[in-house]
Amino acid sequence: MKDEMTCPEPGPGAAAPETTGAGTTGDEPVPAKGGAGPEQAEAMDAAGEIVNLTEEINSLRAEVENKTAALAELQQRYLRLQADFDNYRKRTRREQEELTRMAAARLITSLLPVLDNLERALAAVTDNKAEGLATGVEMTLRQLKEILEQEGLTPIAALGQPFNPELHEAVAREETENPEQANMVVAEFRRGYTLKGKLLRPAMVKVAVAGATVKENGQEVDKDE
């Protein structure tokens, strides 16, 4: 009795067993159908990652562009607001200066009669016994003028100056035959003033005008003829 199992030997004329592509032992790797190996799979994975990264980059680029546009708009709004604020600050300062000037103008206008009276009092004092009064009035007048000058009050030059209708108010005229004196201020009845460069009160003056007659060859001739 035999204990070992043996394959029956093929008999004469029997076909030999077919060999498979996996080898004779069956332990060798079997390539995938269609020719896709591990390298191709890795290449496909890498291509997928590249596509994903490209999409992410495009998305980030679009986001950066949107934020850049939003930042540019905010900068423009900031510049407009800054310009509006600067204009508002300048306008407010001008209005405050105008209000201050108007307030000072009202005060000084109310003090002008006092100034006029002091000047008239000094002009009327001719008696030497009134020397003390004249000195006191003169000191008061000087002090008042200094205060008003500090507020921007400036007297208008009139006597001996060419007549200026913007600064002088002509209330009388005097004929003259001297052409050089024509249109000149020959007398000042009331002093005029400007406040910080602007006319506060015109000077009340007398103006010299050319005479109605002039001499030609020793004969008087009416200019109106």
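These are my notebook entries on the sheets, the largest pocket and a salt bridge in this structure.

**Entry 1: the model.** Before looking anything up, I noted that this is a predicted model, and I kept that in mind for every entry below.

**Entry 2: the mixed sheet.** I began with the strands and found an open sheet of three of them, in the order 2-6-3, with mixed pairing. Strand 2 and strand 3 are the edge strands, and each has a single partner strand, so one side of each is left without a neighbour in the sheet. From one strand to the next, the twist averages 25°.

I then asked myself in which sense strand 2 and strand 6 run. Strand 2, residues 168-176, runs parallel to strand 6, residues 203-210, and eight bridges join the two. As an example of this pairing I wrote down A170, whose bridge partner in strand 6 is V205.

On the other side of the pairing list, strand 3 and strand 6 are antiparallel and are paired over four bridges. Here I looked up V185, which stands opposite V207 in strand 6, and E188, which stands opposite V205 in strand 6. I marked V205 for myself, since A170 has it as bridge partner and E188 faces it as well.

**Entry 3: the antiparallel sheet.** Next I turned to another open sheet, made of three strands in the order 1-4-5, where the pairing is antiparallel. Its edges are strand 1 (153-155) and strand 5 (198-201), each with a single partner strand, so one side of each lacks a neighbour in the sheet. Leaving direction out of account, neighbouring strands of this sheet are turned by 35° against each other on average.

Strand 1 runs antiparallel to strand 4, residues 193-195, and three bridges join them. In this pairing I found L153 opposite L195 in strand 4.

**Entry 4: the largest pocket.** How much space lies in the largest pocket? I noted about 160 Å³. Its lining is made up of D116, E119, R120, E188, F189, R190 and R191, and I sorted these residues into six charged, one nonpolar and no polar.

I also wanted to know which elements supply the lining, and found that helix 1 (38-124) and strand 3 (185-190) each give at least two residues to it. E188 therefore appears twice in my notes, because I met it opposite V205 in strand 6 and again in the lining of the pocket. Where does the largest pocket lie with respect to the domains? Domain 1 (45-150) and domain 2 (153-212) both contribute residues to the lining, so the pocket lies between them.

**Entry 5: a salt bridge.** Last, I looked at charged pairs, with the reminder that side chains of opposite charge can pair when their charged atoms come close. The structure holds eight salt bridges, and I followed one of them, in which the side chains of R89 and D86 meet at 3.2 Å, N to O. Both residues, R89 and D86, belong to helix 1, where they are three residues apart, about one turn of the helix.

Notes:
Residues are numbered from 1 along each chain as its sequence is written. This is a predicted model: local features need pLDDT of at least 70, side-chain atom pairs count only at pLDDT 80 or more; totals for chains, interfaces and linings use all residues. Side-chain values use heavy atoms; hydrogens and water are left out. Two strands pair if DSSP finds at least two bridges between them. Axes are lines fitted to C-alpha atoms, for helices over the stretch in contact, and angles run from 0 to 180 degrees between N-to-C directions. On a 1 Å grid over the protein atoms alone, a cavity is a set of points where a 1.4 Å probe fits but cannot get out, and a pocket is an open set with protein on both sides within 12 Å along at least five of seven lines; lining residues have an atom within 4 Å of a point. Grid points are joined across faces, edges and corners, and a volume is the space filled by probe spheres set on the points. Ala, Val, Leu, Ile, Met, Phe, Trp, Tyr, Cys and Pro count as nonpolar, Asp, Glu, Lys and Arg as charged, and the others, Gly among them, as polar. Domain bounds come from an automatic or database domain assignment. A salt bridge is a side-chain nitrogen of Lys or Arg within 4 Å of a carboxyl oxygen of Asp or Glu.
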